[in-house]
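Hi everyone, thanks for coming along. I'd like to walk you through a structure that is new to most of us, so let's get it up on the screen.

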Amino acid sequence: MCQQTNVRDSVPSPGDAINELFAEHYKTCLRTAYRILRSREDSEDAVQSAYCAACRAFDRFRGESSVKTWITRIVVNCCLMQLRERRARLQVTLDELLPGLKSHALTPETLYYLRELQVAHTTAASTLPPNLKDVYGPCLIDDIGLSTVAHHLGLTAPAAKSRLFRARRKVERVLQSALQRRAA
């Protein structure tokens, strides 16, 4: 009886071809990564990350350089990213070194900024019509409950809530336009 061969068994899959290409350049990539990172484990991590990135981007490989050059460049980039992350982890602030010396007071810049916000908010709130100002002031500035304000003004809770919503939106629009004028 004649043995039948399956065509699929004799044609390599695209994944096999990519794996073969990567395996061919693995040692070179590992040496390159080690020269940059000086750590075997970090080098292996960088090469693995680079190979994952290369697999995701393989369809964008244009063939303008060799696969070895392309994959090596990806490995170098992964190594440089690891070095940047390492450097960022090593940066320590004075507050972290001497936690007892940290001041909890607001900085002059923050105080000035908060004062500017307060003036801008007061100016924006002053543009509200009386029916909206009657709800906005007590609720948001004096921190009185909406139901208390509604009762005091002889309004239903939904009516007071609606006025408060409209007042907030109007103040927000005034603040945004002031901010845009200031930025221009």
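Let's begin with a single side chain: arginine 169 has a relative accessible area of 30%, so this residue counts as partly exposed. Please keep in mind that we are looking at a predicted model.

Which residue does arginine 169 meet in a salt bridge? The partner is glutamate 172, with 3.2 Å from N to O. Both residues sit in helix H9, 3 residues apart, which is about one turn of the helix. Glutamate 172 is partly exposed too, at 38% relative accessibility.

How many salt bridges does the structure hold? There are 4, and I'll show you two others.

Move over to helix H3, which covers residues 40-57. Here glutamate 44 and arginine 40 form a salt bridge, at 3.4 Å from N to O. These two residues are 4 residues apart, again about one turn of the helix. Is arginine 40 buried or exposed? With a relative accessible area of 58%, arginine 40 is exposed, while glutamate 44, at 28%, is partly exposed.

Next comes a pair formed by aspartate 42 and arginine 86, whose side chains meet in a salt bridge at 2.7 Å, N to O. This pair ties together distant parts of the chain: aspartate 42 belongs to helix H3 and arginine 86 to helix H4 (residues 67-90), 44 residues apart. Aspartate 42 has a relative accessible area of 24%, so it is partly exposed. Arginine 86 is partly exposed as well, at 25%.

Now for the pockets. Rolling a probe the size of a water molecule over the atoms reveals where empty space remains.

The largest pocket has a volume of about 290 Å³. Which helices each supply at least two residues of its lining? They are helix H6 (108-126) and helix H9 (157-183), and helix H9 is also where we met arginine 169 and glutamate 172. Among the lining residues are Tyr113, Leu117, Leu175 and Arg182. By class, the lining has 6 nonpolar residues, 2 charged ones and no polar ones.

The second largest pocket has a volume of about 160 Å³. Its lining includes Arg60, Phe61, Glu64, Trp70 and Asn77. Here the classes divide into 3 nonpolar, 4 polar and 4 charged residues.

To recap the pockets, then: the lining of the largest one has no polar residues, whereas the lining of the second largest has 4. Thanks for listening, and I'm happy to rotate the view for anyone who would like another look.

How values were computed: Residues numbered from 1 in each chain as written. Predicted model: local features only at pLDDT ≥ 70, side-chain atom pairs only at ≥ 80, totals over all residues. Heavy atoms only, no water. 1 Å grid on protein atoms, 1.4 Å probe; cavity = no way out; pocket = protein on both sides within 12 Å on 5 of 7 lines; lining within 4 Å. Points joined across faces, edges and corners; volume = space filled by probe spheres on them. Nonpolar A, V, L, I, M, F, W, Y, C, P; charged D, E, K, R; others polar. Buried < 20%, exposed > 50% of the residue type's maximum accessible area, 1.4 Å probe, protein only.
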